[in-house]
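Please open the structure in a viewer and keep the selection tool at hand. The stops below are meant to be followed in order.

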Amino acid sequence: MKKIEAIIRKTKFEEVKEALLAADIEWFSYYDVRGEGKMRQARIYRGVMYDTSSIERVLLNIVVRDKNVEKTVTAVQKAAMTGEIGDGRIFVIPVEDTVRIRTGERGDVALYNAEQES
């Protein structure tokens, strides 16, 4: 299992959400975040100058089976990309174990219902 953390532009969240659903990734959590980056570039929008490193972002947390890692990363990358500075980052982190609190199931089976197995 892997945990995929993606930091994306807030404006691309709906597109990323739709891409994940299309890739059969039906559960993830997300948070509004702010961060600082190395790259600095001033932008002007409606007469106001702002720094692209401090634009609001969304942090997605997605835990998937190993077989779903590549399609999840690809879905996020394609949907979140604008080609401009500040598109974000994707991190893939190993997950040692998971436990479904209600049933005590562990490992991959704890991520999804058995009837959804594919």
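Which residues are buried in helix H1 (residues 13-22)? Select the helix in this predicted model: the buried residues are Phe13, Val16 and Leu20. Looking down the axis of H1, one finds its buried residues within an arc of 65°, so they line one face of the helix. Now display the surroundings of these residues. Their cover includes strand S1 (2-9), strand S2 (29-33), strand S5 (57-64) and helix H2 (69-80). Just past the end of H1, select Asp24, which takes a positive phi of about 65°.

**The whole chain**

Colour the chain by secondary structure. Two helices and six strands should appear, in the order β-α-β-β-β-β-α-β from the N terminus. Of the 118 residues, 32% are buried. For contacts between residues at least 6 apart in sequence, 73% join residues at least 24 apart. The accessible surface of the chain is about 7,900 Å², and carbon and sulfur atoms account for 53% of that surface.

**Asn61**

Next, select Asn61 in strand S5. Is this residue buried or exposed? Asn61 has a relative accessible area of 12%, under the 20% limit, and therefore counts as buried. Leaving aside residues up to four places away in sequence, Asn61 touches Lys3, Ile4, Glu5, Phe28, Ser29 and Tyr31.

**Salt bridges**

Side chains of opposite charge can pair when their charged atoms come close. The whole structure contains ten salt bridges.

Begin with Lys2 and Asp66, whose side chains form a salt bridge with an N to O distance of 3.5 Å. Lys2 belongs to strand S1 and Asp66 to the loop between S5 and H2, so this pair ties together parts 64 residues apart in sequence. Both partners are partly exposed: Lys2 has a relative accessibility of 25%, and Asp66 one of 47%.

Move on to Glu56, which is partly exposed at 37% relative accessibility. Glu56 forms a salt bridge with Lys10, with the closest N and O atoms 3.2 Å apart. This pair links the loop between strand S4 (48-51) and S5, where Glu56 lies, to the loop between S1 and H1, where Lys10 lies, 46 residues apart. Lys10 is partly exposed, at 36%.

Keep Glu56 selected and add Arg34: these two also form a salt bridge, at 3.9 Å between the closest N and O atoms. Arg34 lies in the loop between S2 and strand S3 (42-45), so its pairing with Glu56 ties together parts 22 residues apart in sequence. Arg34 is exposed, with a relative accessible area of 57%. Finally, select Lys10, Asp32, Arg34 and Glu56 together: salt bridges with shared partners join them into one network.

Key. Residues are numbered from 1 along each chain as its sequence is written. This is a predicted model: local features need pLDDT of at least 70, side-chain atom pairs count only at pLDDT 80 or more; totals for chains, interfaces and linings use all residues. Side-chain values use heavy atoms; hydrogens and water are left out. Helices (H or I, at least four residues) and strands (E, at least two) are DSSP runs, numbered from the N terminus. Buried means under 20% relative accessible area, exposed over 50%, partly exposed in between (1.4 Å probe, protein chains only). Contact means heavy atoms within 4.5 Å. Accessible areas come from the Shrake-Rupley method with a 1.4 Å probe; for residues, only the protein chains shown count as cover. The arc is that of the directions from the helix axis to the C-beta atoms. A salt bridge is a side-chain nitrogen of Lys or Arg within 4 Å of a carboxyl oxygen of Asp or Glu.
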